[in-house]
Amino acid sequence: MQFVIWLLLAIFCLIPPVVAQALLKHEEKEGDPDQLGGDAS
Amino acid sequence: MILAVIIVYMLCMLGIGLWCSRKITSDEDYLMGGFKFGKLPMTGTYLATFFSALSFLGGVGLIYRTGIGGSWMPMAWALGSAFGPIIAVRFRRVRVLSPSEFFYKRFNSRALQVIGALATIIALLFNMVVQITAMGLVWNLATGRSMTEGLIVGVVVTILYTFFGGFYAVVWTDVVQCAVFLIMTAIAVFVVISKVGGIGEIYSQAALIDTAPEVGAVANTQGSMLKLLGSYTAIGLFFQFLIQGPGTGSRPEYLQRMQAAKNMRTTLSTYKYAWVILIFVYIGLNIVGVGGRVLIPTMAEGMSSDWIMPVIFTTYTPPIVAGLFFAGLLAAAMSTMDSSMVMITASATDILKVVRGADKEYDQKKLTLFSRCVIIAVGIIEFFMASNNGAFIMDVAGYSFGILGLTFFVPLLFGLYSKRANAAATWACILGGSATFIIWQLLIKNGTFAAGSFAASLPPLGMAVLVGIILMWLVSHLTKPMDEKFWKPYLER
């Protein structure tokens with residue numbers, strides 16, 4: 001059963017990185033993620 | 001030896017604070033580090049802020065008591081944190097010095113800005129009491145000296161380095177503190193595995209445990225340590241996700257860090273690196289909690305099960321390693337506290353600017369001086385709150401995530417993703433949600449919702465978040481949308 005909880009932990013903890021990566025890809029297509037951002041860009 | 005290690009560690013933190021103070025030339029530097037942090041400092045500070053002393057005490061203690069199911073809470077936080085990048089990607093499009101300033105820039109309401117700042121100040125003041133109390137307890141356990149002495153040392157050191165170095169010091173001390181507690185987690189995992197005789201052995205022996213975790217507590221039944229849901233029911237777990245999630249994704253400290261990174265790539269990468277590291281940390285803590293139970297099936301009389309990790313270090317490692325662990329525990333508390341201090345300061349600056357005229361030109365040196373005075377004031381208030389921590393303070397501290405979730409999460413998501421979101425909808429969300437929380441709480445307390453009934457099992461904060469979402473959507477569709485100059489910078493490029 002410990003493998004199930006480890007797997008669940010890994011899956012849940014991977015959600016923020018997956019979302020961040022998808023948004024980064026989108027930013028690379030639509031804008032420039034290396035810009036300073038905000039009013040200062 | 002333990003005391004010596006802790007003192008050296010504290011001196012290092014002070015040194016970093018003084019070194020960082022040379023970089024401060026404006027209030028923007030003091031509160032945001034000049035908006036120039038790269039991936040290493042951002043990941044370090046995110047992790048250190050995320051990880052409080054409670055993760056090593058209460059978090060591991062819960063696994064020790066209830067088994068593998070004690071790891072559900074980090075999953076709720078992970079799910080809530082997935083909203084972080086979704087918020088960040090648009091929140092960063094307009095530069096702000098504090099999350100409450102967003103309320104003014106997006107909803108054109110100074111009153112909402114002040115409410116956002118006040119909610120931040122109140123929630124974080126109460127939340128910090130828990131960290132400071134943990135600091136006192138750790139000091140007492142590590143050195144055998146008084147808890148009050150621990151409170152004073154912890155608060156004074158944190159005030160000093162934050163006072164001198166502002167957000168720069170917070171971030172760079174966080175990086176060191178993060179490294180310390182990652183190493184300590186790895187050592188704890190290694191110690192537990194080697195003492196029990198392997199990972200498989202830990203879990204197979206845990207299945208046989210039928211003792212009580214603490215003297216006088218209810219004993220576990222055989223096999224309960226490996227129950228997937230642990231002590232939760234399915235519905236209880238659902239509402240825990242609803243309570244814990246939103247607050248985690250939109251806590252002002254993280255919003256501040258989204259802004260402080262040097263660019264969007266850095267902000268988004270922080271979530272990638274931090275959460276991959278957290279997978280190993282949380283699996284590691286699961287092993288430590290369950291393995292600790294196998295090694296010490298029942299805590300010594302008078303000792304809470306929350307102290308299992310310190311007990312593992314003092315029992316099975318040399319004093320220098322135990323000293324570093326206690327320093328790491330203090331580090332975890334200090335890093336959560338310093339972030340809250342800077343966030344409270346940013347919110348207080350926000351209120352000051354609204355009261356004295358937001359469009360006025362301010363002398364940067366005077367603003368920095370004001371910020372430093374607030375840091376000292378917060379430290380003094382915290383010391384007294386922690387010295388007299390009654391049930392009321394602990395109750396409010398427990399709700400602080402919810403307060404912040406209610407104030408920021410729903411208005412932020414709608415404000416960043418819906419053209420229709422406006423000030424009226426935000427007021428409806430915050431006031432309606434707060435009223436729901438208070439009324440639901442009263443109905444449970446005075447017995448209108450019978451104990452054990454379905455309504456009584458629904459947590460007030462979960463209901464408040466649900467009502468907040470419904471009201472925000474409803475009112476934003478029933479009232480006039482705002483002029484496009486307010487939503488366009490966020491919703492369109």
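**View 1. Helix 5 of chain B and its surroundings.** Nine of the 10 residues of helix 5 (residues 72-81) of chain B are buried, so this helix is largely enclosed by the rest of the structure; buried stands for under 20% relative accessible area, exposed for over 50%, and partly exposed for what lies in between, with a 1.4 Å probe and protein chains only. Helices (H or I, at least four residues) and strands (E, at least two) are DSSP runs, numbered from the N terminus. The buried residues of helix 5 of chain B are B:Trp72, B:Met73, B:Pro74, B:Met75, B:Ala76, B:Trp77, B:Ala78, B:Gly80 and B:Ser81. The model shown here and in the other views is predicted, with local features needing pLDDT of at least 70 and side-chain atom pairs counting only at pLDDT 80 or more, while totals for chains, interfaces and linings use all residues. Residues are numbered from 1 along each chain as its sequence is written, chains are lettered from A and ligands numbered from 1 in the order in which they are written, and side-chain values use heavy atoms, with hydrogens and water left out.

**View 2. Confidence along chain B.** The mean pLDDT of chain B is 86, and 97% of its residues reach 70 or more, where pLDDT is the predictor's confidence in each residue, from 0 to 100. Among the elements of this chain, the lowest mean pLDDT (76) belongs to helix 11 (residues 234-249) of chain B and the highest (94) to helix 13 of chain B.

**View 3. The interface between chain B and chain A.** Chain B brings 39 residues to the contact and chain A brings 31 residues, contact being defined as heavy atoms within 4.5 Å. About 3200 Å² is buried between the two chains, and carbon and sulfur atoms give 71% of this area; buried area is the accessible area (1.4 Å probe) that two parts lose on being put together, summed over both. Between chain B and chain A there are three residue pairs in polar contact, both residues being at pLDDT 80 or more. A polar contact is a pair of N or O atoms within 3.5 Å, where within protein one must be able to donate a hydrogen and the other to accept it, and residues adjacent in sequence count only if both atoms are side-chain atoms. On the side of chain B that touches chain A, the elements giving two or more residues are helix 5, helix 6 (83-91), helix 10 (199-206) and helix 13 (264-295) of chain B. Helix 13 of chain B gives the most to that side, with 13 residues. By class, the side of chain B that touches chain A holds 25 nonpolar, six polar and eight charged residues, with Ala, Val, Leu, Ile, Met, Phe, Trp, Tyr, Cys and Pro counted as nonpolar, Asp, Glu, Lys and Arg as charged, and the others, Gly among them, as polar.

**View 4. A salt-bridge network formed by A:Lys25, A:Glu28 and B:Arg265.** A salt bridge is a side-chain nitrogen of Lys or Arg within 4 Å of a carboxyl oxygen of Asp or Glu, and two salt bridges are counted between chain B and chain A. One of the pairs in the network is B:Arg265 with A:Glu28, whose closest N and O atoms are 2.9 Å apart. A:Glu28 also forms a salt bridge with A:Lys25, with the closest N and O atoms 3.9 Å apart. Both A:Lys25 and A:Glu28 lie in helix 1 (residues 2-30) of chain A, three residues apart, about one turn of the helix. A:Lys25 is partly exposed, at 49% relative accessible area, and A:Glu28 is partly exposed, at 35%.

**View 5. The salt bridge between B:Asp174 and B:Arg257.** The side chains of B:Asp174 and B:Arg257 meet at 3.7 Å, N to O. This pair links distant parts of the chain, 83 residues apart, with B:Asp174 in helix 9 (residues 147-196) and B:Arg257 in helix 12 (residues 252-260) of chain B. B:Asp174 counts as buried at 0% relative accessibility, and B:Arg257 counts as buried at 3%.

**View 6. The surroundings of B:Phe325 in helix 15 (residues 319-356) of chain B.** B:Phe325 is buried, with a relative accessible area of 1%. Leaving aside neighbours within four places in sequence, B:Phe325 is in contact with B:Met184, B:Met309, B:Pro310 and B:Phe313. The C-alpha atoms of B:Phe325 and B:Ala188 are 9.2 Å apart in space, although these residues are 137 residues apart in sequence.
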